[in-house]
Structure formats: C-alpha cells, structure tokens
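Let's walk through a protein model together, one step at a time. Take a moment to look it over, and then we will follow its cysteines.

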Amino acid sequence: MHSLTIAILLAALAFSYSATSPRLFEGPSKVFQLLSVAGEMQQINPGLTAPCFAYYEGIFNKEYEVYRAAYNECINQFSAGKNGVLERYDGIVWSLGNSTYDSCQALIKCNTKDNSLDSLNCYSTQGTDNSEEVANIASNATISAGSLSQEISQLEYTRDLCTNTTSRNYDISYDASYEEFQSCLSGESAVPVSNA
C-alpha cells in the first residue's frame with residue numbers, strides 16, 4: 001500500500017511537470033532527479049519517503065510555478081517590446097510605399113501619352129528622375145532596416161539576460177530545497193509541517 005501511494009505521488013508530480021512549455025526544460029528534467037532519489041530512499045527509509053515527498057512536492061511545484069511565471073514574463077515583455085518597435089516603423093514603411101507608388105505612377109502615365117514619341121520622351125525623363133527617387137527609397141529602407149534590426153537585437157539580448165537570470169534563480173532555489181528534501185528523506189532532519 002505504501003509503495004502504491006509513492007507511485008501515485010511520483011506520477012502526479014511527473015504529470016504536472018510534463019504539461020509545461022517546451023522551453024522550460026529545467027522543471028521536467030529536475031523531476032527525474034526527484035523520482036530517482038525518492039525511489040532509492042523508498043528502499044532505504046520507506047517510512048519517511050511519503051511524508052517528505054508530500055511536503056516537498058508542494059515546495060518544488062511552487063518554485064517551478066514561480067520560475068515559469070517569471071520566464072514567461074521575460075518572453076511576454078520581449079514580444080510586447082518587439083511589437084511596439086515594429087509598429088513604430090510602420091510610418092516609415094508607409095512613407096516609402098507612398099514614394100514608391102508616386103514614382104511608379106509617374107512612369108505608368110507615360111504609357112497614356114498621345115503618341116509614341118511623347119511616351120518615349122516621358123519614359124526617358126521620368127525614368128531618370130524616378131531612378132534617383134527609387135535609389136533614395138532603397139537607401140532609406142536599408143538604414144531603417146538596420147536600425148530596426150539593432151533595436152530587436154537589443155530586445156533579444158534583454159530577453160536572454162532575463163531568462164538566464166530567471167533560470168539561475170530557479171536553480172539556486174531548487175538546489176536549496178533539494179538538499180532539504182534529501183535531508184528529510186535520510187532522516188537527518190524532521191519532516192516539515194505544512195503551514196497550509
């Protein structure tokens with residue numbers, strides 16, 4: 001009966017970690033460490049495994065939920081920032097689009113002249129004038145794309161710093177709780193009493 005209870009607790013913990021974001025691998029990988037230790041200690045000290053596991057399961061779940069929320073906040077801030085930057089450049093794209101349209105329209109109108117000579121002269125003049133405008137459009141687009149890429153790179157750097165800090169904090173918290181869990185399993189410390 002005791003083994004069945006432990007198996008159910010371990011399965012519940014494994015399931016709770018398996019429903020996580022694919023990027024949040026720390027929790028699911030750490031649950032296997034817990035399962036291994038709990039399984040070994042079940043044989044050595046079966047009387048402590050269930051109560052220690054029952055208490056620390058809540059601790060590990062809470063730590064993981066804090067980590068997952070902080071990690072997702074890093075991702076959400078990045079997404080919001082990136083969307084904001086992209087929207088700021090919409091005006092530039094609109095302006096370049098208008099300039100492109102105007103240049104193309106000037107050339108298209110050459111096709112509607114009264115005769116071939118007027119049309120060819122129009123293309124010659126408008127082609128020269130608008131090639132300079134198209135070169136300006138391309139130059140402005142290149143400069144704006146570079147600035148936009150740089151802003152997005154800065155947001156990506158901030159996101160990565162945030163997620164790495166969040167992961168490090170989770171590891172520190174988890175490692176401390178894991179040591180306490182092992183101490184509980186081995187009987188070196190008393191089973192904590194839940195404050196719930």
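A residue is called buried when its relative accessible area is under 20%, exposed when that area is over 50%, and partly exposed in between, using a 1.4 Å probe and protein chains only. By that scale cysteine 74, at 3% relative accessibility, counts as buried. Keep these words in mind, as they will come back often.

What you see is a predicted model, in which local features need a pLDDT of at least 70 and side-chain atom pairs count only at pLDDT 80 or more, while totals for chains, interfaces and linings use all residues. Residues are numbered from 1 along each chain as its sequence is written, and side-chain values use heavy atoms, with hydrogens and water left out.

How confident is the predictor? The score to look at is pLDDT, the predictor's confidence in each residue, from 0 to 100. The chain has a mean pLDDT of 81, and 76% of its residues reach 70 or more. Confidence is lowest in helix α1 (residues 2-18), with a mean of 45, and highest in α5, with 92. Over residues 1-23 the pLDDT is below 50, and this stretch has 35 contacts in the model beyond near neighbours in sequence; a contact means heavy atoms within 4.5 Å. Helices here are DSSP runs of H or I with at least four residues, strands are runs of E with at least two, and both are numbered from the N terminus.

Now for the cysteines. A disulfide is a covalent bond between the sulfur atoms of two cysteines. In this model, a pair of cysteine sulfur atoms within 2.5 Å is taken as a disulfide. How many disulfides does this rule give? The count comes to three.

Start with cysteine 52 and cysteine 184, whose sulfur atoms are 1.9 Å apart. Cysteine 52 lies in helix α3 (residues 46-88) and cysteine 184 in helix α5 (residues 116-186), so this disulfide ties together parts that are 132 residues apart in sequence. The link is left-handed, with -85° about the S-S bond. Cysteine 52 is buried, at 0% relative accessibility, and cysteine 184 is buried with a relative accessible area of 0%.

Helices α3 and α5 also hold the partners of another disulfide: cysteine 74 is in α3 and cysteine 162 in α5, 88 residues apart. Their S to S distance is 1.9 Å, and the link is left-handed, with -70° about the S-S bond. Is cysteine 162 buried or partly exposed? At 25% relative accessibility, cysteine 162 counts as partly exposed.

The remaining pair to visit is cysteine 110 and cysteine 122, joined with an S to S distance of 1.9 Å. Cysteine 110 sits in the loop between α4 (90-108) and α5, while cysteine 122 is in helix α5, twelve residues apart. This link is left-handed, at -70° about the S-S bond. Cysteine 110 is buried at 0%, and cysteine 122 counts as buried at 12%.

Which pattern do the disulfides follow? Counting bonded cysteines along the chain, the pattern is 1-6, 2-5, 3-4. You may also like to find cysteine 104, which is partly exposed with a relative accessible area of 38%.

For a last stop, return to helix α5 and find serine 144. Serine 144 counts as buried at 15% relative accessibility. Leaving aside neighbours within four places in sequence, serine 144 is in contact with Tyr89 and Ile92.
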